Structures are given as structure tokens and as C-alpha cells.
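Hi everyone, thanks for coming. I'd like to walk you through one strand and then one chain contact, so let me put the structure up.

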Amino acid sequence: MEFERNRRYHTLLTGLAAALAGFCLIALSVGRYSMNPADVIRVLVERITDTVPSDYAMHNVVFIIRIPRIASAILVGASLSLSGAVYQGVFKNPLVSPDLLGVSSGACVGAAIAILGGGGMSMIQISAFAMGMIAVSISVAITRVLRSDSNMALVLAGIVTSGFMTSVLGILKYVADPETQLAEIVFWQMGSVASVNRAQMLAVLPVFIICGSLLLALSWRINILSFGEDEAKTLGMNVPLFRGIVIACASFLTASAVSISGTIGWIGLVIPHLGRLLTGPNNTKLLPVTILLGGLFMLIVDTLSRAAMSVEIPLSILTGIIGAPFFAWLLWRQREAVR
Amino acid sequence: MNISVESLGFSYPNGKRVFKSLTFQITKGRVLSILGPNGAGKSTLLACIARLLMPTRGDILFDGRSYLRMRQREIACAVGLVPQDIVPSFHYSVLDYVVTGCAPRMGLFQKPKAEEYEIAWTAIRRMRLEHIAEQSIMKISGGERQQVAIARVLAQRPSVILLDEPTSHLDIGNQMKVLSMLRELADDGYGVVMTTHNPDHVFLLDDEVAVLDRNGNLIFGNSHDIVNEELLSELYGTSLRVLDLDEIKRRVCIAEGLGENGQITKESDASEEM
């Protein structure tokens, strides 16, 4: 039976990886400058074999515009989904999303400060990332002041921090120039990977690789943590240290995703649920599937956002419109469990 | 491994003292029942032995070695705790739950392989739970969940098994099953410690007992030497009778009845501990 289950799981992983690869090809082809998938493959092969491009326009569209954007969409989707799944495990609550400890609201404040200060895209990215991590640190510091290392204290501290950051963001929006800065802040908040360039994407790639690998390596221990703090302790785990490492990794992932894309809701909540429907709750299987599903979902959403209409639709709007009914459907599928 | 509890005291950070100075031994091959009324601190005592709570006084020696200087992982290899109830948030299978018992003996980044699953299966077979091994732990009965928790402790392979009121949610049939299982485990060489507020369980097991009263005092010894009518009536604040029944060749504890003498007194109306 175990063998059969493993075989099914490996088929699922291969299927998802193949779907992701296939959809990358579609995403490379569609857009305002539409291309034939065969042309895309030819351009890719020319690059790999280092031959002179037969069509410079196509070459530029693929390598300068589309690949950074597609890679960013996949990274953002995978990061938010992975950190969502991990947060849900650590906090023993399937309704938790990655911005629980205030990382997203902190990142919004960071981005708004950079916009008001007249910073460019890179400055916005750095400032959003830094403020996202500062917000999480404030949440953790509050639990230190409360002298509590319980999950509940951390969740409540997260609510306090998020509330505070949202108010600070309100002040920043209030003083912003309504014609330029306010519009930019609001648009940033809606989420987009349209203007992400290669350098920005490469800046968050190491965070994704290091934190993602660490979380995958610790996935079985996250199972134990999801049984509760006392149970994890009776199984010999140093709970505060381990939980700290896991939360730090998940927060770094969220902060780097949000820093390049702005806030994107729903994905960190919905994708782990879909993953659990496919693999069950065991994190050793759930986390890899969640990474692939999150990447695939975000890539589909981003492709729709730039190809469905003549103007780009912000990602948060699309993830909400797709995510909310999808979550309702998932709840209906799992109605036994949520009853 | 023998565990010796030395002058153990515990107070909550708000200053509320649960017990001041408890001394007793946990011996392999014996079942030690910690008997006491609600609110006496039985669960707190178990939590201190498993070092879920740090004692505020005294020490516990594991084969002569202070547990204050041991790592949590070393303690987990020596002592396994079966909580009163497991409250899972996700639909893990019984097998996935039981295999986590192997965690203290595995590396931080290690995931269970065939060897660990075989240990988990052995524990599941020992508890006769094969028929529910693939089921979700959220969908099995309270009695089965209790047995699954014991199976996980078996997969943990400690020397001493602590059980926090293992019979509290069970009907009498399942209570007897659990008590015989504890006897079997002790016969297999485990040191078994369980908390209970039912004196009959102490008589059934007829082994060691540590009686903990609400003032944090403890009497330790063999149950036939120390558990008697006066002690139990005093402990529970109500009139209790201990009868020696020839037909079953053991003592039983029954309440004298309702009314003036048997009426529940103020002291026993205490809140649940922990």
C-alpha cells in the first residue's frame, strides 16, 4: 500500500512539473507580441546552443521581458504557497495565511515609504522587504515582552502589528500626492510582476532557494510541530528554536515575494488546501506539491492578467476573483472535515 | 533505566505553588499510579517528569544523572508521555502519527524510511490497531485515539511511559483494556506511571502508588500498605469504604452513599488541574 501511495505521489509530482513546463511555453508565446510556440522553442535553442539569433525582436521579448516575468510569477506563487502551508502547519490552523505576523502590511509600509521618498523599483523592493521583516520582528518582540512563547501570543502579536502597520500605511497614503504617489502606492498594493526585471528576480532567487530547501528538509518536523507544542517537546524537539527557524524562513519567503510583486492575497491560503486535497496533510509530500501548484497557479493568473484584456489586470484582483470561489469549492469538497 | 524524583517542587510564575517537595522512585517493570483528587497537580507532576514544565525546586535523576543537564532529546529517548487527549488539526493517518514516535532517535533533517515505518507498524500491531492504520486520526473514536497515542509512545522506545489519566474518556470495557495493557507493558520491562483519580484502578493494578493530596503532600509506597479507607476519605473529602471481596480476591472502593455523611464537601469541588 505504501509503495502504491508513493507511486501515485511521484506521478502527481511529475504531472505537475510537466504542466508547469508546458504552461511556461504557452506563457512565453502569448501576449501583445504573440509568437508561435515553435518560434519560442527555436529562440530558446538558439540561446542554449549560442547561435546568432534569427530574430532579434523575438529574442528580446523572450529573454528581456517574458522570462524574468514568468520566473517572477512562479517564484512569487511558489513562495507564498509554501510559506502559507508552513504557517498553517506551525500554527495548527488551516485558515492561516502567510501575512499572519504582519509581513505583508509591513511590506506595504516599506513600499509606501520608498515611493514617498522618490525611490525607484529597487529601492521599493529593498524597503518593502526590510519593513516586512521588521514587522515580523515586532510581532516576535511583543511575545518576548509578554514573556510567552505560545502560538496564541504570536498570533495576537501579529494582529497588533498588522493593525498598526495598516494605520501607518493610512497616514502615508493620506500625506501622499494624490496624483502620482497615492496612485503608485495603491497600484503596488494590488500586486503585479509586470515591471520586474532580471536583476530584481535574481535578487530574491537565493532567498527562495535557501529558505525553500531548508523548509523542505524540515518538512517532517513541521508535521510534529502541527500536533502541538507539548507533543513536539515530548518528542525531544527544541520547540522555540525550531519554530523560530521555520517562521523566519517562511517570513523571508513571503517578504521577498511581496517585495517584487506587491501584496497578492488568497494564494497562500488556497493553494495549501488544494495541495492537502491531493496529497493529504503530511508535509513531506504536501510542501513539494504546494511549491509546484503555487508556481503554476500564479503563472496562469499572471498570463491571464496580461493576455485576457488590452489593459493589465492587477494580480490581487484576479487571485481574489479566482481564489474566493475556488476556496468555496474546496470547502464544499471537504465539508465533512469543516463541519 | 530507573528514575528518582528528588525533592521536586513546582510553582507557577504567579507564585501559586502546586507541590513543594516530592520524593519517589520510578522502577522498571512496575506500574506506579499517581492517585489524587482533581486539582492536586497530578498532570503538572507528569509534565515536570517529561520536562514540559521546569520544576522550580529539586531534581530528577535518570540512572543517577540530573535531568536538568540533559537535552530534551535525551529525555525523550528515556521518557514517553501519553497525553490525556490528542487534538490534531489535520487529517494525518494513524500510521503517519505513530511514526513520529521515532523522532527523538532521528536526525533533524532525516525523514522516516522503511526502518522507521517498520517500528511504527510493530507498535500498531502490538496495540492491535492494524484495521485503522490508514484512517485519519480525526475520524477514530476517543478510545482508539488513546490507543494510538500509546502506540506512538511504543514507537518512541523509552524506558519509562507516563500516561496522563489514560482511562478518563473511556467506558469501563476500554478502561480495563488499557489497564491490562499497562500491566503487560510493565511485565515487558517498561516503567509505567499513570495518573488516576479512581482508587479502584490502584487496587486493580495492585502495585506502587504515589498519593498526592491537594496540599501538595505525597505518600509513596505499595498500594496494599498505604491505601486504606481513612486515607481515601480524607483525600477525596467524602465517606468512602474499602471492602475486601473474597469472590474476586481484591479490594474495592465504593462511596458510602449520598446524604449527610457521603455528601461532597467543599474541598473536593475544585477545578480541573492545569
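I'll begin with a strand in chain B and finish with the contact between chains A and B. Please keep in mind that this is a predicted model.

The strand is β9 of chain B, residues 208-212. Is it buried or exposed? Five of its five residues are buried, so the rest of the structure largely encloses β9(B). If you look at the side chains, Glu208(B), Ala210(B) and Leu212(B) point one way, while Val209(B) and Val211(B) point the other way. And yes, that charged-looking name in the list is right: Glu208(B) is buried along with the others.

Now, which strands pair with β9(B)? One is β3(B), residues 31-35, which runs parallel to β9(B) and is joined to it by four bridges. To find your place there, look for Ser33(B), whose bridge partner in β9(B) is Val209(B).

Another is β10(B), residues 218-222, and here the pairing is antiparallel, over five bridges. A handy landmark is Ala210(B), which has Phe220(B) as its bridge partner in β10(B). β9(B) and β10(B) make a hairpin, with five residues between them. In that turn, Gly216(B) has a positive phi of about 80°.

Let's move to the contact between the chains. Chain A brings 26 residues and chain B brings 23 residues. On the chain A side, α9 (219-225) and α10 (229-234) each supply at least two residues. What classes of residue does that side have? There are ten nonpolar, ten polar and six charged residues on the side of chain A that touches chain B.

Thanks for listening!

Methods
Residues are numbered from 1 along each chain as its sequence is written. Chains are lettered from A and ligands numbered from 1 in the order in which they are written. This is a predicted model: local features need pLDDT of at least 70, side-chain atom pairs count only at pLDDT 80 or more; totals for chains, interfaces and linings use all residues. A residue is buried if 20 or more other C-beta atoms lie within 10 Å of its own, exposed if 12 or fewer, and partly exposed in between; C-beta atoms are placed from the backbone. Two strands pair if DSSP finds at least two bridges between them. Two residues are in contact if their C-beta atoms, placed from the backbone, lie within 7 Å. Ala, Val, Leu, Ile, Met, Phe, Trp, Tyr, Cys and Pro count as nonpolar, Asp, Glu, Lys and Arg as charged, and the others, Gly among them, as polar.
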